[in-house]
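Me: I would like a close look at a single part of this structure, followed outward into its surroundings. Please take it step by step, as I am new to reading models of this kind.

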Amino acid sequence: MWRDCSLTIITIGAATSAMYLTLHKCVEGEKDYILQTYFQAFKNTFVYSTIIWTSYLVVLFIFMINQGLLEKGLAHSPMNQFSQIFLMIICICALPFLITTFGYVSRFTDGFRQAISHSFIFSIIHIKSMMTILFILLCTIALIWLVPLLTVILPAFSMYKIYQKLEIIYTQYI
């Protein structure tokens, strides 16, 4: 379901939030229909998750444009090269924050600003867990890039591993 709902790149955030909540309900033993739970969560988290994901896509787009300018030799300056390195670090380090935010948005009914601020605080306080989540995400991306057929099973497996980390964090504070 996640793969199919992520075909339009804009909906990856909502699809991830929906997958997180569906996984949470399955692990907690709630006897809901999986498809109904998934699409209800997709609908409920669509706005917040899409705003968050689209913001990340803007940063990625800027990174790609800057990289293209650097490769063509149109923007060779120390400042531009520094900004490229800075954007790359932001893009990579933002991944655990994104997943934390998607999980938070799907689980709790706080407002948008509160979800962002809580996720940011959780990401800073639990930096070790965020590094583990980043490792899981980067391995998942690399394996799917190498073997595209893995998009069928690997996102769910990875989300389960991430879910275990995030639930420890969430239960400490909520």
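Leaving aside its neighbours within four places in sequence, which residues is Leu98 in contact with?

Reply: Please keep in mind throughout that the model is predicted. If we leave aside the neighbours within four places in sequence, Leu98 is in contact with three residues, namely Ile52, Trp53 and Tyr56.

Two of the names in that contact, Leu98 and Tyr56, come back when we turn to the largest nonpolar core, which has 39 residues. Together with Ile162, Leu166 and Tyr170, they are the residues that touch the most other members of this core. The elements that give two or more residues to the core are α2 (12-27), α3 (34-72), α4, α5, α6 and α7, and among these α4 gives the most, with nine residues.

Trp53, another contact of Leu98, leads us to the largest pocket, where about 920 Å³ of space lies. This pocket is lined by 31 residues, and those closest to its centre are Trp2, Ile12, Trp53, Leu95 and Ile141. At least two residues of the lining come from each of α1 (2-5), α2, α3, α4, α6 and α7, while α3 gives the most to it, with seven residues.

Two of the helices that give residues to the core can now be followed in turn. Helix α6, which runs over residues 127-146, has 20 residues and reaches 28 Å from its first C-alpha to its last, close to the 28 Å expected at 1.5 Å a residue. Its buried residues are Ser129, Met130, Ile133, Leu134, Ile136, Leu137, Thr140 and Ile144. They cover an arc of only 165° around the axis, which puts them on the same side of α6. On the face turned away from that buried side, α6 carries the exposed residues Lys128, Phe135, Trp145 and Leu146, whereas its buried residues pack against α4 (78-107), α5 (112-125) and α7 (154-173).

Helix α5 can be read in the same manner. Its 14 residues should span 20 Å at 1.5 Å a residue, and this agrees with its end C-alpha atoms, which are 20 Å apart. In α5, the buried residues are Ala115, Ser119, Phe122 and Ser123, and seen down the axis they fall within an arc of 100°, so they line one face of the helix. The face turned away from this buried side carries the exposed residues Arg113 and Ile124, while the buried residues of α5 pack against α4, α6 and α7.

Note on methods. Residues numbered from 1 in each chain as written. Predicted model: local features only at pLDDT ≥ 70, side-chain atom pairs only at ≥ 80, totals over all residues. Heavy atoms only, no water. Helix = DSSP H or I, 4+ residues; strand = E, 2+ residues; numbered from the N terminus. Expected span 1.5 Å × (residues − 1). Buried < 20%, exposed > 50% of the residue type's maximum accessible area, 1.4 Å probe, protein only. Arc of directions from axis to C-beta. Contact = heavy atoms within 4.5 Å. Core = buried A, V, L, I, M, F, W, Y, C linked by side-chain atoms within 4.5 Å. 1 Å grid on protein atoms, 1.4 Å probe; cavity = no way out; pocket = protein on both sides within 12 Å on 5 of 7 lines; lining within 4 Å. Points joined across faces, edges and corners; volume = space filled by probe spheres on them.
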